[in-house]
Amino acid sequence: MIEHSPHLMPKNTGWIEVIAGCMFSGKTEELIRRLRRAEIAKQKVKIFKPKIDIRYSKSEIVSHSEQSMPSILVESAKEILQYSEDAQVIGIDEAQFFDLDLVDVCNQLANEGKRVIVAGLDQDYTGKPFEPMPQLLAVAEYITKTLAICVVCGNPADKTQRKIPSSERVLIGAAESYEARCRKCHFIPE
């Protein structure tokens, strides 16, 4: 959470916040919460998501709990720059679907004095780091790791279990394709 006392919040500078975790851990929900608070503070907010992710909507970021906010679909991370000129706060969802250019884009926006909030999976379905999230975590000023609940044993879960056969690293899906698992209950499908 970024609930800091006022003297700890950066002033006259930009920064990067990363919300990372497995599927069903509340990443988008937390992103939406922070973006709504920025809007309440009368800050100019722009929200982006990759064109590849239209599971729930083409024009909104949507959490699994059905919270939503209007967003702009972009093909590449660099497109975010052209739509962000007048924004004070930039929200980016599903960061794992962007390439490594996202790191440079986020740094550039933060260097321009903007607050950049990025949410995404930190691991793929095999438990390996999911680029560009590790690189974003390295340059972020604030990091939040969200946990889900393991559907097998009820422990805190930080892994995404793929339920359908596929060796593709990127396979867009939701509850029909994935579930949250803890370290003990997670396995890599063959």
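Here are three short exercises on a predicted model, with worked solutions. Local features need pLDDT of at least 70 and side-chain atom pairs pLDDT 80 or more, while totals for chains, interfaces and linings use all residues. Numbering runs from 1 along each chain as its sequence is written, and side-chain values use heavy atoms, leaving out hydrogens and water.

**Exercise 1.** Find out which aromatic pair is edge-to-face, and where its two residues lie.

Solution. Start with the rule: rings of Phe, Tyr and Trp (its six-membered ring) pair if their centres lie within 6.5 Å; planes under 30 degrees apart are stacked, over 60 edge-to-face, the rest tilted. Searching the whole structure gives two aromatic pairs. Trp-15 with Tyr-142 is edge-to-face, at 6.4 Å centre to centre and 75° between the planes. Next, place them: Trp-15 is in strand β1 and Tyr-142 in strand β8, 127 residues apart (strands are DSSP E runs of at least two residues, helices H or I runs of at least four, numbered from the N terminus). Both Trp-15 and Tyr-142 are buried (under 20% relative accessible area; exposed is over 50%, partly exposed in between; 1.4 Å probe, protein chains only).

**Exercise 2.** Work out why the pair of Phe-48 and Tyr-83 counts as tilted, then check burial.

Solution. The ring centres of Phe-48 and Tyr-83 are 6.3 Å apart with planes at 35°, so the pair is tilted. Phe-48 belongs to strand β2 and Tyr-83 to helix α2, so parts 35 residues apart in sequence get tied together. As for burial, Phe-48 is buried at 0% relative accessible area, whereas Tyr-83 is partly exposed at 36%.

**Exercise 3.** Say what follows helix α1.

Solution. Helix α1 covers residues 27-40. Just after α1 comes Lys-42, with a positive phi of about 60°.

Technical notes
Expected span 1.5 Å × (residues − 1).
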